[in-house]
Amino acid sequence: MSKALPMPANWASLCSDWEEIRHGYHAGDKDATVRDCARRLDATVTGPQDGPVLFWTLGLLALAPYVAFGSPGPGVEDEVTAALRRTARRDGGGSCTHRWHPYDVDVDDVLEDLPTVLEMLNSPAGHAMDALLPADHLDELDDDGAGSADLSGPEVLDRWQCPRTAPGFARAALDYLGATVG
């Protein structure tokens, strides 16, 4: 049986807030929501390997458009960038046996489906994990010999839970913000 991605109990509410901010109609305190996500990522990235690092990283990725273009308050971008940099450095440039990771596809595609992706990662036993494969890129992925279209549900989930996935998404968010890992 597939293991669920570590997430806080209120993950759906958090994801809803992130989506509202990303789409520009959040009525709450945007900066407080962004700072909360950055602080939680920062606290988690230095914690145990099985913490919700990917969850908080995806949150900051979803919030990156607001941070980049939404006129956040003083210090918000610096706090987000610092948390993302620490996360991006987490894999230490290590390697793994996977030839494909979720951050290898267009980040906007991941963000468009983020609520669904998180639901599937939260309860993988109730979903067909092949839906987490980047459908628009399967032919391209197969052309590189990765055989991604033939991955089983646990193999797809394994790529989402790979220690390199959160750092990869953190680098994507930094790119979005025009920042480097530094």
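## Helix packing briefing

Helices α3 and α4 cross with a left-handed sense. This is a predicted model, and the protein chain in it holds nine helices and zero strands. Burial takes in 47% of the chain's 182 residues. Below are the fold, three helix pairs and a handful of individual residues.

**Overall fold**

- Going along the sequence, the protein chain reads α-α-α-α-α-α-α-α-α, which fits a count of nine helices and zero strands.
- Take the contacts in the protein chain between residues at least 6 apart in sequence: 77% of them link residues at least 24 apart.

**α3 against α4**

- The axes of these two helices come within 11 Å and cross at roughly 140°.
- On the α3 side, Val53, Thr57, Leu60 and Val67 take part, and they meet Glu77, Val80, Ala83, Leu84 and Thr87 from α4.
- Sorted by type, the residues of this α3–α4 contact come out as six nonpolar, two polar and one charged.
- Ser71 sits in the loop between α3 and α4, and its phi is near 55°, a positive value for a residue other than glycine.
- For background, most residues other than glycine have a negative phi.
- With a relative accessible area of 67%, Ser71 is over the 50% cut-off and therefore counts as exposed.

**α1 against α3**

- Helix α1 covers residues 11–22 and helix α3 covers residues 53–69; their axes come within 8 Å and cross at roughly 20°.
- That angle is under 35 degrees, so α1 counts as roughly parallel to α3.
- The α1–α3 crossing is left-handed.
- From α1, the contact draws on Trp11, Leu14, Trp18, Ile21 and Arg22, while α3 brings Phe55, Trp56, Gly59, Ala62, Leu63, Pro65 and Tyr66.
- By type, the residues in the contact of α1 with α3 split into 10 nonpolar, one polar and one charged.

**α4 against α9**

- Here the partners are α4 (residues 76–88) and α9 (residues 165–177), whose axes come within 8 Å and cross at roughly 145°.
- This crossing of α4 and α9 is left-handed too.
- Glu77, Val80, Thr81, Leu84, Arg85, Thr87 and Ala88 form the α4 side of the contact, and Ala166, Pro167, Ala170, Arg171, Ala173, Leu174 and Leu177 form the α9 side.
- The tally for the α4–α9 contact is nine nonpolar, two polar and three charged residues.
- Glu77, Val80, Leu84 and Thr87 of α4 turn up in this contact with α9 and also among the α4 residues that meet α3.

**Two glutamates in α1**

- Glu19 belongs to helix α1, and so does Glu20.
- Glu19 has a relative accessible area of 11%, which is under the 20% cut-off, so this residue counts as buried.
- Setting aside residues up to four places away in sequence, Glu19 touches Leu111, Leu114 and Pro115.
- Glu20 comes in at 22% relative accessibility, between the 20% and 50% cut-offs, and therefore counts as partly exposed.
- Not counting residues up to four places away in sequence, Glu20 touches Tyr25 and His26.
- Glu20 and Lys30 are 10 residues apart in sequence, with a C-alpha to C-alpha separation of 9.4 Å.

**Thr44 in α2**

- Helix α2 runs over residues 30–45, and Thr44 is found in it.
- Thr44 is at 12% relative accessibility, so it falls under the 20% cut-off and counts as buried.
- Leaving out neighbours within four places in sequence, Thr44 is in contact with Gly51, Pro52, Val53 and Trp56.
- Of those partners, Val53 also meets α4 from α3, and Trp56 is one of the α3 residues met by α1.
- Thr44 and Leu54 lie 10 residues apart in sequence and 9.5 Å apart in space, C-alpha to C-alpha.

**Cysteines and disulfides**

- Searching the whole structure turns up zero disulfides.
- As a reminder, a disulfide is a covalent bond between the sulfur atoms of two cysteines.
- Cys15 has a relative accessibility of 3% and counts as buried.
- Cys162 is buried as well, with a relative accessible area of 7%.

Notes: Residues numbered from 1 in each chain as written. Predicted model: local features only at pLDDT ≥ 70, side-chain atom pairs only at ≥ 80, totals over all residues. Heavy atoms only, no water. Axes fitted to C-alpha atoms, helices over the stretch in contact; angles between N-to-C directions. Helix = DSSP H or I, 4+ residues; strand = E, 2+ residues; numbered from the N terminus. Parallel < 35°, antiparallel > 145°, perpendicular 65-115°, else oblique. Left-handed = near helix turned anticlockwise from the far one by under 90°. Contact = heavy atoms within 4.5 Å. Nonpolar A, V, L, I, M, F, W, Y, C, P; charged D, E, K, R; others polar. Disulfide = S-S within 2.5 Å. Buried < 20%, exposed > 50% of the residue type's maximum accessible area, 1.4 Å probe, protein only.
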